[in-house]
Amino acid sequence: MDQSVVLQETLEPGAKCRAAVQGTIQDGESNESRIIGLVECNSEYAIFMYTHRRMAIIAEDVSLEEIVPMSKDFVIEEVVPDTHVIGSDTTVKIISRDVDLELQLPFGSQTRMFLQEAHQAREELLKQAVTGGFPSQFLWLSKYRQNKDFELHRSLGKKYANCAPSSSDQKGKKMASKFGGDSDLLAIQHGREKKDSRMHEDDYVEPTPEKYSTDPELCSEAFASCSARPAMRPEKMKSDITDDMVRNANLLATSKAQILTMPQFGLRDNLIKSELLKQEEKYTYIRNYRIFAGTYNVNGKSPKEDLKPWLNCDAEPPDIYCVGFQEIDLSKETFLFNDTPKEEEWFIAVSESLHPFTTYAKIKHVRLVGMMLLLYVRKEHAAYVTEVEVETVGTGIMGRMGNKGGVSIRFQFHNTTLCIVNSHLAAHTEECDRRNQDYKDICTRMRFIQSTLPLTSLSIMKHDMIIWLGDLNYRICYPDVEVVKKLIAKKDYAKLAKYDQLTKHMEESGVFQGFQEGNIHFQPTYKYDIGSDNWDTSEKCRVPAWCDRILWKGSNIEELEYRSHMALKISDHKPVSAIFQAGIKVVNQELYRKTYENIVRQLDRMENDSIPSVSLSKTEFHFENVKFMQLQVQTLTIANTGLVPCQFEFITKLNEPSYCKQWFSATPNKGILTEGERVEIELEVYANKLTARSLNMGEDLIEDILILHLQRGKDYFLAICGNYLPSCFGSSLQALCHMKEPIREAKPQRIQELERMAEADQPFDSSPNDEPLDIPKEIWMLVDHLHRNASLQGDLFQQPGLKSEFEEIRDCLDTGIPDFLPGSNHSITEALLLFLDALPEPVIPYNLYKNCLESSCSYTLSEQVVSKLPQCHKNVFNYLMAFLRELLKNAVCNNLDVPTLASIFGALLLRPPPNATIQYDVIENKKAAQAFISHFLLLKDG
């Protein structure tokens, strides 16, 4: 997850978070998690450090703690132990006049991107110093200093100061990648000390420059040549292996110099990489490896039975294990806070159950609420696992909650890229459309940051091999459960498969296109009475279904086994596994060297032939009738028409923080084109809660100019234009109370006038015949519908709706057509939450946020705060609380409780001010907000 988006919401106008990464601060014997951001403003830079909730999704989840300005004495450097564990976290020291701080940053693209941006920022500062530019004043930090009473440098140094000085000859450690120092020379010299160390497997030998110069620039060029080669760079040889994760083995380490230098982002280096990828058939050959893929929905249970019948049921040990779980914890705390002790329990259980005839190393694991995915490889293969990245996507309510969604690990094994996805899709037989939407959301939102230029995101489908496993929740659509059971008893699985929803929707609905699944020769894996092999005997008597599936996509991969494991009985699901034979591309070093040299010679001849040039499919783009939270996409095709490769990028205009406005994005926004090549750029317009208000008021328009820059070439200008349809989403409560007509029928001048008065907190002039509504009609329509139709609805406020239905609901509220709300109860529920989330001023106004937190210990004090609310805000608050109390009367049917509702509505109705002068503890404030709302659900002290 890219935390820079979250941090950006906390910044003042004009400041931009260039990169962010979550890490830990080494404070004595304790480690404290922080999100670290690199912030730029007025060509000055600073490191911002935030405390945070376990899942930092919105600005309210983080709290600014410390700031370290990047002044002329600022240095950031990586510390690498002599004995480097493959895939270990990156230790980074931040050193300044008053600061000596040590951080642990996770291995992966976010860390590389953060360090690369920090390096570039440092280089820009050095250039300013050389050219005699103005020294950094950091006046823009005064606002943040007012927000929190601390000294920018000194408090950080006192709190986290390391006693041990930074030294390149410190015992057991060496410095590499020292930004602002002679790190390139140091890195090369360190590499020379280790140059005789090689890896021996499949004729793989690490390429090393034949000689090293003492000239730092020449050394940097020499290392760049190596770093341009795929699967060869030392910084890639990292996974997530530690000494306590490797079973029955000594510490898995390598004597090879593990130096994480900054990636070289020059045009030449990336052209070499691009050409090498195109010509990889010339220097690779196929070698077969065995992959075990397994999935198990454990229904919230702890691992109290042996997993060997599932994980260790084959005579031949696999080379790679991919093990996915769903529902490892079903508690409310895990749902709301994404924290569970069962993560460690299941990890240990899996590690102890792997095949005993070989030694495995854990490469990576990732978890989101109850979904967890583990990746292991045989110890001897670990050095060839590179480019390891993880990502998560929650598809729960409001697209945030992670009770449903997917987790993924992508990596490169030798020269083949693989992506493993573990997903838990929407439940219930009738929710097929919801499952299909979950799948599409995961595919769209699951993006991995690439470690090399153009630093654009990599989707699931952009891999050589994909294995998708999990509780996909597709059911058997046959009404008579007894007939289904009889077919199972006869093992007539082929006939039963005709009623399988997944099979049908793969053919008809465009989901899992291109994926394959092996023939199913095992009985359905859901639903069983726990502790037995008996079908569900509960009152619901679920129809048996193949919920748990394993699919794959790609070339050179073949499924050898596909089976369930009936011996495991702790859950109402049975685990499933598959064995794959994967043809992996392995590098022949000698052929690689020849190919590399040929490419370099060709580039040398081309370099001075001509300047780059491109043609654009068009330069004007019109986005008509843009609506709230409804994506519009158009395509720009860029074709290289010149005689040489070219590098393109959308660049920032003068005095603007980004190359485009907030409601726009281009994907990819930079890249490389070889001669004759073309690329399609997706131009996206999307209005959300951050931009809706300014678009409603006419302060912003769907208008922008993009500058497409060619390195060593000309600039091209693209015109973006369109119109935004006003929406009640993103409008203020006061303005909506004074609009008795749907907002689309109101004149733009009227909307702008009402919003300006609301923003300035001015009294509204109303004639006796034009009294404002007590509450916005939109809230009344949503709540009234739910009160009449959804009081008994199961999983209300916990299961998301459909995007298509939300769009219909939004249009109904904005236009008044039709005169009833369309869509399911879950979609209307989500629309209500999105409406509250998009309010520019929350139901509890920002100026009373602190009072609410302070009074959360007492119902009486909380009532006093509510009495101070503006009249329309008070009306809405009381109306919502009365509605929620009515829902709780039917808790047996709708599965709601006070903690769940208080947590959801506490985060929506009470939001910390965006430019708060006081810093708040995120977790404590979340609990206080929950307690505040609980008082009004119970009408007494909680």
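# A tour of the chain, starting at I460

Select I460 and its surroundings. Leaving out residues up to four places away in sequence, I460 touches C419, V421, I442, C443, M446, F448, I466 and W468. You are looking at a predicted model. I460 sits in the loop between strand 19 (457–459) and strand 20. Is I460 buried or exposed? Its relative accessibility is 1%, and under 20% means buried, so I460 counts as buried. Now add R447, which is 13 residues away along the chain. The C-alpha atoms of I460 and R447 are separated by 7.1 Å.

**The open sheet**

Next, select strands 15, 16, 17, 20 and 21. These five strands form an open sheet, in the order 15-16-17-20-21, with mixed pairing. Which strands stand at the edges? They are strand 15 (385–394) and strand 21 (548–554). Each has a single partner strand, so one side of each is left without a neighbour in the sheet. Neighbouring strands here are turned by 10° against each other on average, ignoring direction.

Keep the sheet on screen and add residues 432–445. This is helix 11, and it packs on the sheet. Helix 11 touches strand 15, strand 16 (405–413), strand 17 and strand 20. The direction of helix 11 makes about 135° with that of strand 15.

Zoom in on strand 17 (residues 416–424) and strand 20 (residues 465–471). They pair in the parallel sense over seven bridges. Pick L418 and look across to strand 20: its bridge partner there is M465.

**An antiparallel pair**

Move to residues 44–52, which make up strand 3. Eight of its nine residues are buried, so strand 3 is largely enclosed by the rest of the structure. Add strand 4 (residues 62–69). Strands 3 and 4 pair in the antiparallel sense over seven bridges. To see one bridge, select H52: its partner in strand 4 is V62.

**The cores**

In soluble globular proteins, nonpolar side chains tend to be buried together. Select F797, L836, F877, L909 and F932. Of the 101 residues in the largest nonpolar core, these five touch the most other members. Which helix gives the most to this core? Helix 24 does, with nine residues.

Center on L909. Leaving aside neighbours within four places in sequence, L909 is in contact with L836, P842, V843, I844, F877, L880, M881 and I933. A second, separate core has 48 residues, including F413, I476, F522 and I584.

**Two helices**

Select residues 898–909, helix 26. Ten of its twelve residues are buried, so helix 26 is largely enclosed by the rest of the structure. Among the buried ones are V898, L901, I904, F905, L908 and L909. Try a distance check from end to end. At 1.5 Å a residue, helix 26 should span 16 Å; its end C-alpha atoms are 15 Å apart, which agrees.

Now select helix 19 (residues 777–789). What span should its 13 residues have at 1.5 Å a residue? The expected span is 18 Å, and the end C-alpha atoms are 18 Å apart, which agrees. The buried residues of helix 19 are K777, E778, I779, L782, V783, D784, H785 and L786. They pack against helix 17 (733–737), helix 20 (803–815), helix 21 (825–838) and helix 24 (871–888).

**Backbone details**

Go to T667, in strand 28 (residues 664–667). T667 counts as partly exposed, at 29% relative accessibility. Apart from neighbours within four places in sequence, T667 is in contact with E680, I681 and E682. The C-alpha atoms of T667 and I681 are separated by 5.5 Å, although the two are 14 residues apart along the chain.

Step on to P668, in the loop between strand 28 and strand 29 (670–673). The peptide bond from T667 to P668 is cis, with omega near -5°. Then find P818, in the loop between helix 20 and helix 21. The bond from I817 to P818 is cis, with omega near -5°.

Try K491, between helix 12 (481–489) and helix 13 (493–497). Its phi is near 60°, positive in a residue other than glycine. K491 is exposed, with a relative accessible area of 61%. N556 has a positive phi of about 60° and is not a glycine. N556 is partly exposed, at 46% relative accessibility.

**Zoom out**

Show the whole chain. There are 27 helices and 32 strands. Of the 942 residues, 58% count as buried.

Notes. Residues numbered from 1 in each chain as written. Predicted model: local features only at pLDDT ≥ 70, side-chain atom pairs only at ≥ 80, totals over all residues. Heavy atoms only, no water. Helix = DSSP H or I, 4+ residues; strand = E, 2+ residues; numbered from the N terminus. Expected span 1.5 Å × (residues − 1). Buried < 20%, exposed > 50% of the residue type's maximum accessible area, 1.4 Å probe, protein only. Contact = heavy atoms within 4.5 Å. Pairing = 2+ DSSP bridges. Axes fitted to C-alpha atoms, helices over the stretch in contact; angles between N-to-C directions. Core = buried A, V, L, I, M, F, W, Y, C linked by side-chain atoms within 4.5 Å.
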